[in-house]
Amino acid sequence: MGSMSLDGDDGDHQDAPRVGGGLTTGEVARRLGVAPTTVRSWDRRYGLGPTARTGGRHRRWTAVDVARLERMCALTATGLPPAEAARLALDEAGPQAPAAQVGSVRPLLPTARGRSRAGTGLRLGDVRQECKGVARAALRLDAAALDGLLSAAIEDHGLVAAWSEVIMPTLQAVGRKWETSGERYVEVEHFLSWHVSGVLRRHAPPVVADRPGATTVLACVPAENHTLPLEVLAAALAERGLPVRMFGGALPVESLVAAVRRTGPAAVGLWAQSRTTASRPLAQHVAGLEWGVRGARRKPVVLTLGPGWAGQTVPGSPHPSGLAQALTAVESVVLR
């Protein structure tokens, strides 16, 4: 799971194999989006431990225990010191409630069909369970947990599904959060975006060698700096053995033209996040560029990528609606 395993053995041997239902500390940590050592630390320091143990010291977390930890996470995500958050979480739980049956807690890392409407302070909606852990780790600015959860999502579901169903919904929820909160959560969005970019690079396969007429050029239009969607598209193309050249954010027009003429690509993907950056004349100009030897000239197919192109139809230029559609469009051009 990349550089960090959320189920790893940290020396106390208290996450033994399940023997009678309930949840291990590792499973609870994945749900919360924190490291298992954090969960154990909250038990030792603040008394937020499980109400049931099996086989001596083995932790088995009940639904009541998990709810208390979720409240702890929500309070600390607002900036409250951990000790005060723990006190409030324990006070709100009231007198020790009868412990739920150890076997009554549902699995927390479901199959690909599993969904969650979990409350993290973000409007996540009906999304995969993993979104909750990613959102919590981002809100807590927990770098190690976030890297582990993002890596696990890619390894468990594949790049396309992880992006479309885990990463993107969480990014969108964080974006909505800061837009409606007086930009209080800008640091969370930047933090999450940075870690997504790093995980994508670590999971991308080696660069594929150029093949004449099979390369795809990817670039943000001038004044556009949202590169993450192009980064995941570049990784997905490399995963399929297709050569790609990525030029990142805000590529000047003259540099874009030079890149197309030098690489002779079959396809050019131009990303525009907003309508103010999307330029139909630019797309048409790139689509008209020719490359190759005299008598056998070719032109690239331009893909207009991103929401900025909505309503700006460019004849002959596909406008894929998502990552899977963009992959299909590129493959249809490159492999024909």
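These legends go with a set of close-up views of a predicted model.

**Figure 1. The whole chain, before zooming in.** The protein runs to 336 residues, and buried residues make up 51% of them. Twelve helices and eight strands were assigned. If you like contact maps, here's one number to keep in mind: among contacts with a separation of 6 or more, 67% join residues 24 or more positions apart.

**Figure 2. The largest nonpolar core, with helix H9 in the frame.** This core has 50 residues, and the members that touch the most other members are Trp163, Leu192, Val196, Leu233 and Leu237. Helix H9, residues 228-239, gives the most to this core, with eight residues. As a bit of background, nonpolar side chains in soluble globular proteins tend to be buried together. Zoom in on Leu192 and, leaving aside neighbours within four places in sequence, you'll find it in contact with Val134, Ala138, Leu146, Thr170, Leu171 and Val174.

**Figure 3. The second core.** Separate from the largest core, there's another one of 18 residues. Ala272, Leu282, Val302 and Val314 are among its members.

**Figure 4. Glu224, a buried acid with no salt bridge.** Glu224 sits in the loop between strand E5 (216-220) and H9. What is the nearest side chain of opposite charge to Glu224? That's Arg275, and it is 12 Å away. A salt bridge needs a side-chain nitrogen within 4 Å of a carboxyl oxygen, so a partner at that distance doesn't make the cut. The Glu224 side chain does make a polar contact, though, with the side chain of Thr277 at 3.1 Å. Skipping neighbours within four places in sequence, the residues in contact with Glu224 are Gly249, Ala250, Trp271, Ala272, Gln273, Ser274 and Thr277. Ala272 in that list is also a member of the second core.

**Figure 5. Glu70 and Lys132, a buried salt bridge.** Searching the whole structure turns up five salt bridges, and this view shows the one between Glu70 and Lys132, with the closest N and O atoms 2.3 Å apart. Glu70 belongs to helix H3 (residues 63-77) and Lys132 to helix H5 (residues 130-139), so this pair ties together parts that are 62 residues apart in sequence. Are these two residues buried or exposed? Both Glu70 and Lys132 are buried.

**Figure 6. Arg202 and Asp147, bridging two helices.** Here the closest N and O atoms of the salt bridge are 3.5 Å apart. Arg202 is in helix H8 and Asp147 is in helix H6 (residues 143-157), so the pair ties together parts that are 55 residues apart in sequence. Arg202 is partly exposed, with a relative accessible area of 47%, whereas Asp147 counts as buried at 14%.

**Figure 7. A salt-bridge network around Arg240.** Glu239, Arg240 and Glu331 are linked in a network of salt bridges. Between Arg240 and Glu239, the closest N and O atoms are 3.7 Å apart. Arg240 counts as partly exposed at 37% relative accessibility, and Glu239 counts as partly exposed at 46%.

**Figure 8. Val207, out in the open.** Val207 lies in the loop between helix H8 (186-203) and E5. Its relative accessibility is 71%, which is why it counts as exposed. Val244 is 37 residues from Val207 in sequence, and their C-alpha atoms are 8.0 Å apart.

**Figure 9. Two buried cysteines.** Cys131 comes out at 0% relative accessibility, so it counts as buried. Cys220 also counts as buried, at 1%. How many disulfides does a search of the whole structure find? Zero.

Notes. Residues numbered from 1 in each chain as written. Predicted model: local features only at pLDDT ≥ 70, side-chain atom pairs only at ≥ 80, totals over all residues. Heavy atoms only, no water. Disulfide = S-S within 2.5 Å. Buried < 20%, exposed > 50% of the residue type's maximum accessible area, 1.4 Å probe, protein only. Core = buried A, V, L, I, M, F, W, Y, C linked by side-chain atoms within 4.5 Å. Helix = DSSP H or I, 4+ residues; strand = E, 2+ residues; numbered from the N terminus. Contact = heavy atoms within 4.5 Å. Lys, Arg positive; Asp, Glu negative; His and termini not counted. Polar contact = N/O pair within 3.5 Å; in protein donor to acceptor, adjacent residues only side chain to side chain.
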